[in-house]
Amino acid sequence: MTETVQPFEADVGRVLDLVVNSLYAHREIFLRELVSNASDACDRLRYLSLAQPELLADDPELRIQVIADPKAGTLTVQDNGIGMGRDELAQNLGTIARSGTARFLEQAKEIGKEADAKLIGQFGVGFYSSFMVAERVAVISRKAGEAVSWRWESDGRSGFSIAETEELAPRGTAVVLQLRGDAKEFLEAPRLRQIVRRYADHIALPILLQVPEGDEPAEAVQINTASALWRRPRGEITEDQYKEFYHHTAHAFDDPYARIHFTVEGRLSYSGLLYVPGSRPFDLYDPVRRHGVKLYVRRVFITDQLEGLLPRYLRFVTGVVDSEDLPLNVSRETLQHNAVIAQMKKGLVRRVLDELARIAGAEDEETRKRHLEFWDAFGAVLKEGLYEDGENRERLLDLARFRSTHGDGWVSLADYLGRMKEGQDAILTISGESLKALRSSPLLEVCRAKGAEVLLLDDAVDEFWLPMVEGYQGKPFRSLSKGEIDLSAIADLEPQGEDAPPPVADAKLGLLIAFLKTRLEGEVQDVRPSRRLTESAVCLVADEHGLDLRLERFLKEHRQLDALAKRVLEINPKHALIRRMAEMAENAAERDTLEELAHLLLDQARIAEGEPLPDPGAFARRLSGVLARAVGG
Ligand code: ADP
């Protein structure tokens with residue numbers, strides 16, 4: 001017998017600790033995880049056997065057994081599925097393969113002991129949850145078609161050993177838990193029956209429970225209906241069954257936000273059960289993350305890796321789709337460009353968006369509020385659909401919610417249109433890195449004076465869809481940080497007071513502007529009087545034909561641009577400082593001070609816009625100089 005002892009990968013120890021500590025109150029879920037793995041193993045074998053029927057030959061009835069042995073103190077979950085070879089055992093049960101694990105653990109550490117079931121749930125605890133109830137776990141496995149079995153064993157602390165063994169013919173996996181002293185309840189028939197029923201009733205394979213009661217030898221009793229849940233009539237499925245099915249397919253622990261159960265008959269026939277998760281998966285922005293929808297063909301699992309089944313912007317959706325039309329022996333490789341799949345994809349997207357719209361537009365406010373929570377978690381991802389999926393753009397815009405200058409809550413575009421001012425012909429937007437900075441941006445001033453609402457866009461993705469989307473219900477989107485803005489058709493909320501000082505006369509202003517253009521040459525593209533400022537002296541905007549300010553910053557950060565384009569500096573002819581500067585421009589003796597002010601104002605505008613200062617040292621020196629003079633130094 002060859003035996004090797006190997007340490008766990010570092011992350012495994014950390015996941016184990018986290019799981020044991022934070023899920024202890026729910027430790028019975030280990031059984032759900034093991035049954036779930038067993039069912040996946042059978043699904044995978046059934047798929048392989050389509051091409052290689054001999055793999056099923058000696059033992060054709062796929063099933064899962066849960067066997068208690070009170071004398072030995074062990075509980076075994078056994079399947080006759082695909083099994084694992086030696087390397088797979090080491091790889092699957094000795095490492096944490098999912099990308100983003102390290103980041104997840106950091107997050108969990110920050111939350112500390114609070115790392116609750118919900119967080120763990122997003123991660124999917126899997127096999128390691130066994131160690132909540134077991135002091136030792138042995139996994140005996142024989143891969144379908146192979147002649148040897150392997151025994152993996154571990155106490156969940158130091159590492160694991162793998163050795164060859166004779167057990168477990170012809171194939172499959174047995175997970176044998178040596179239960180801890182405080183976990184003996186998982187040997188009792190009523191307790192086991194209750195848990196397995198609860199967690200596994202939706203599983204489409206027979207689950208046999210084998211628990212000796214008293215001295216009677218154990219009899220194997222099938223305790224589930226073993227029919228595919230998504231094929232059962234809606235009225236026969238309980239909320240708990242729906243929820244457990246979600247936990248199983250999503251590897252999740254939370255309650256789903258929405259569920260879509262449907263059967264389509266007609267030119268194409270398929271059924272499905274899809275879920276939108278209740279909380280944001282920790283790897284939602286991981287570039288390799290895919291949707292979690294499994295494709296079945298007439299109840300046979302085919303793949304959970306088919307990108308073409310749902311668009312990227314619905315990558316948080318999980319569940320099952322079962323086609324009646326595809327051939328069973330369809331190869332996974334050709335599915336990507338299959339016409340049936342393309343057709344189903346359209347239908348699935350429509351169903352998901354319909355359900356989201358139903359909740360968003362529900363009669364009662366409580367339900368509508370749920371949409372806001374959903375949007376908070378997933379809105380930035382759905383917005384990717386605004387540029388990817390022209391066909392569903394309007395429907396996505398209906399679902400979209402925004403922060404705006406109208407209060408602190410979320411607003412819909414319909415709300416916005418309802419509040420548009422007379423003379424206003426566009427949906428006004430401003431984008432930037434943080435809501436807080438946006439709310440105090442000088443670019444909003446004219447809108448505030450006119451009571452015109454502005455949408456505050458703080459998701460990076462906003463920069464990408466805005467240029468693609470023509471408008472909403474005939475009203476175009478208009479960014480305040482780009483080009484000239486003329487809102488003179490909208491009346492001011494309060495008319496200008498009689499005593500308001502007049503703006504700088506045109507001739508004087510022309511002189512100042514000419515001065516600024518020469519002194520700031522190379523730093524700005526243009527200097528012009530502003531129609532958007534009422535309080536601030538200056539602001540920076542993008543050229544009408546250029547990229548929006550924030551998009552440029554974003555592209556530069558991601559090395560798609562070498563340098564930011566030059567901005568347009570707008571000055572406010574009504575501002576006291578600008579008035580005074582216009583006087584200084586006429587006086588040769590004050591030119592040096594004026595130049596200092598010009599540079600300071602430009603840097604100040606950069607700061608207000610969130611742009612980097614090209615020379616912060618020079619800014620600080622100039623500012624100190626001006627302050628020293630102001631305090632008489
Ligand atoms: P997950 O199921 O989320 O991938 P687990 O930690 O539960 O994570 O399992 C890790 C991997 O081990 C699985 O992806 C699967 O490849 C393999 N595995 C677990 N249990 C079984 C089993 N009963 N039969 C075959 N393979 C299994």
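This briefing looks at one helix and at the surroundings of a bound ligand. The model is predicted. Helix α7 covers residues 239–250, and His-251 comes right after α7. His-251 is also one of the residues around the ligand, so let's take the two topics in turn.

**Helix α7**

- Helix α7 has 12 residues, and at 1.5 Å a residue they should span 16 Å; the end C-alpha atoms are 16 Å apart, so the expected and modelled spans agree.
- Among the buried residues of α7 are Tyr-242, Phe-245, Tyr-246 and His-248.
- The buried residues of α7 pack against two helices, α2 (29–51) and α6 (189–200), and against the strands β10 (258–264), β11 (270–276) and β14 (318–323).
- Following α7, His-251 has a positive phi, near 50°.

**Who surrounds the ligand**

- The residues around the ligand include Asn-37, Ala-41, Arg-44, Asp-79, Met-84 and Gly-126.
- Sorted by class, this shell holds four nonpolar, five polar and two charged residues.
- Helices α2 and α3 (86–94) each supply at least two residues of the shell.
- Helix α2 gives the most, with three residues.

**Close-up on the ligand's atoms**

- An oxygen atom of the ligand sits 3.3 Å from an N or O atom in the side chain of Asn-92.
- With Phe-127, it is a backbone N or O atom that lies 2.8 Å from an oxygen atom of the ligand.
- In the side chain of Thr-173, an N or O atom is 3.4 Å from a nitrogen atom of the ligand.
- Taken alone, the ligand exposes 530 Å², and the protein buries 78% of that.

Note on methods: Residues are numbered from 1 along each chain as its sequence is written. This is a predicted model: local features need pLDDT of at least 70, side-chain atom pairs count only at pLDDT 80 or more; totals for chains, interfaces and linings use all residues. Side-chain values use heavy atoms; hydrogens and water are left out. Helices (H or I, at least four residues) and strands (E, at least two) are DSSP runs, numbered from the N terminus. The expected span of a helix is 1.5 Å times one less than its number of residues. Buried means under 20% relative accessible area, exposed over 50%, partly exposed in between (1.4 Å probe, protein chains only). Contact means heavy atoms within 4.5 Å. A residue is near a molecule or strand if one of its heavy atoms lies within 4 Å of it. A polar contact is a pair of N or O atoms within 3.5 Å; within protein, one must be able to donate a hydrogen and the other to accept it, and residues adjacent in sequence count only if both atoms are side-chain atoms. Accessible areas come from the Shrake-Rupley method with a 1.4 Å probe; for residues, only the protein chains shown count as cover. Ala, Val, Leu, Ile, Met, Phe, Trp, Tyr, Cys and Pro count as nonpolar, Asp, Glu, Lys and Arg as charged, and the others, Gly among them, as polar.
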